[in-house]
Structures are given as structure tokens and as C-alpha cells.
Amino acid sequence: MPELTVGVRGTREIPVTNDNTAKALGSGGLDVFATPAMVALLEFCAAQSVLPFLPEGSSTVGTKLDIRHLAATPVGMQVRCETVLIEIDRRRLVFSCKAYDDAGLIGEGTQERFVVNDAVFMEKAAQKMRG
């Protein structure tokens, strides 16, 4: 397994459809790409970018976001996400994130994710149900 290092990049592109608009997701009343959809795209992109470097049975969970949504994107355009791993502090990973549509930059910021053992993490979550 290759070593996880600063500089790991991720990219993903999705279309803006009626299903990922602010109106559809309840974050606004207009048929433009929703901020929650942009956040999900940025998180997915970062998480997937480091997955090949993690031990088997591990993944990452999002813990902090500082994201600005700068411009509206109408239905029918594409949105492209780019993430770069900019800091590693043991299990804490920090990513620079940007989102673009065909006209330019629409969102940017940082996100923090932690590497977790999936089974241990899910057991701790399940303990909440048992009290």
C-alpha cells in the first residue's frame, strides 16, 4: 500500500439536475446547485482521494468544514470538484477544496477528516442506541 502524503489530489464531476438543486434539497427555493450538494461533493471527493492509502477496514469521517459557496450554477451545467490534501496530523487530514462550473470557481474552502477503523467507529455509534 502506498504511503499517504501531503499533495494527494481528488477530482469528481457531476451534472446539476433537478434532484440536487436548492429547491429539491430544501436549502432554498431556486433551481440552482444546492450548497448541501456542493458540500457532499467536496466531502466525497476528499474521502475517495485518500481511500487507496488507508489500511483495510478503514475510511475517513468528516469533522469540520469551512466552505464558501460563491456563485450559482443552473440545472444542465456540470460541477467539478478538486481537493488537495494539505496537512496530515496523525489521523487528522486537512483538505483544500474547490468547486467549478463551466463558467469558473463556484465554491472553495477547507475540510477536516479523521481516519477511523470502520468496525470500531460503528460499534461506538451503536453503543448510543444501547445507552
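**Strand pairing, core and helix 3 in a predicted model**

Strand 3 and strand 4 form a hairpin in which two residues lie between the strands, and Arg-90, in the turn, has a positive phi of about 55 degrees. The model described here is a predicted one. Most residues other than glycine have a negative phi. Arg-90 is not a glycine, yet its phi is positive, and its place is the loop between strand 3 and strand 4. With a relative accessibility of 75%, Arg-90 counts as exposed, because the cut-off for that class is over 50%. The two strands on either side of this turn pair in the antiparallel sense, and nine bridges are found between strand 3 and strand 4. One of the bridge pairs joins Glu-82 to its partner Lys-98 in strand 4.

The protein chain as a whole comprises three helices and five strands, and from the N terminus on its elements follow the order β-α-α-β-β-β-β-α. The C-alpha atoms of the protein chain fill a box of roughly 40 × 40 × 20 Å when this is taken along the principal axes. Of the 131 residues in the protein chain, 34% count as buried, while the area that the protein chain exposes comes to about 7,700 Å², of which carbon and sulfur atoms supply 53%. Among the contacts in the protein chain with a separation of 6 or more, 64% are accounted for by residues 24 or more positions apart.

Beyond the hairpin described above, strand 4 also forms a hairpin with strand 5, again with two residues between the strands. The pairing of strand 4 with strand 5 is antiparallel and extends over 10 bridges; within it, Ser-96 has Thr-110 of strand 5 as its bridge partner, and Arg-92 has Phe-114 of strand 5 as its bridge partner. Strand 5 is in turn paired with strand 2, which covers residues 58–69, in the antiparallel sense over 11 bridges. In that pairing, the bridge partner of Lys-64 is Glu-112 of strand 5.

Strand 4 is mostly covered, as eight of its 10 residues are buried. Arg-92 belongs to strand 4, and its relative accessibility of 18% places it among the buried residues, because the cut-off for burial is under 20%. The side chain of Arg-92 is joined to that of Glu-112 by a polar contact of 3.2 Å. When neighbours within four places in sequence are left aside, the residues in contact with Arg-92 are Glu-87, Glu-112, Arg-113 and Phe-114. Phe-114 is thus both a contact of Arg-92 and its bridge partner in strand 5.

The largest nonpolar core holds 24 residues, and those that touch the most other members are Leu-4, Phe-33, Val-50, Val-79, Leu-85, Leu-93 and Phe-95. At least two residues of this core are supplied by each of helix 2 (35–50), strand 3 (78–89), strand 4 (92–101) and strand 5 (104–117). Helix 2 gives the largest share, with seven residues. Val-50, leaving aside its neighbours within four places in sequence, is in contact with Leu-4, Val-8, Thr-60, Leu-85, Leu-93 and Phe-95.

Helix 3 covers residues 118–130, and at 1.5 Å a residue its 13 residues should span 18 Å; the C-alpha atoms at its ends are 19 Å apart, which agrees with that expectation. At the start of helix 3, a side-chain oxygen of Asn-117 reaches to within 3.1 Å of the backbone nitrogen of Ala-119. After helix 3 comes Gly-131, whose phi is positive and near 80 degrees.

Methods:
Residues are numbered from 1 along each chain as its sequence is written. This is a predicted model: local features need pLDDT of at least 70, side-chain atom pairs count only at pLDDT 80 or more; totals for chains, interfaces and linings use all residues. Side-chain values use heavy atoms; hydrogens and water are left out. A nonpolar core is a set of buried Ala, Val, Leu, Ile, Met, Phe, Trp, Tyr and Cys residues joined through side-chain atoms within 4.5 Å. Buried means under 20% relative accessible area, exposed over 50%, partly exposed in between (1.4 Å probe, protein chains only). Helices (H or I, at least four residues) and strands (E, at least two) are DSSP runs, numbered from the N terminus. Contact means heavy atoms within 4.5 Å. Two strands pair if DSSP finds at least two bridges between them. A polar contact is a pair of N or O atoms within 3.5 Å; within protein, one must be able to donate a hydrogen and the other to accept it, and residues adjacent in sequence count only if both atoms are side-chain atoms. Accessible areas come from the Shrake-Rupley method with a 1.4 Å probe; for residues, only the protein chains shown count as cover. The expected span of a helix is 1.5 Å times one less than its number of residues.
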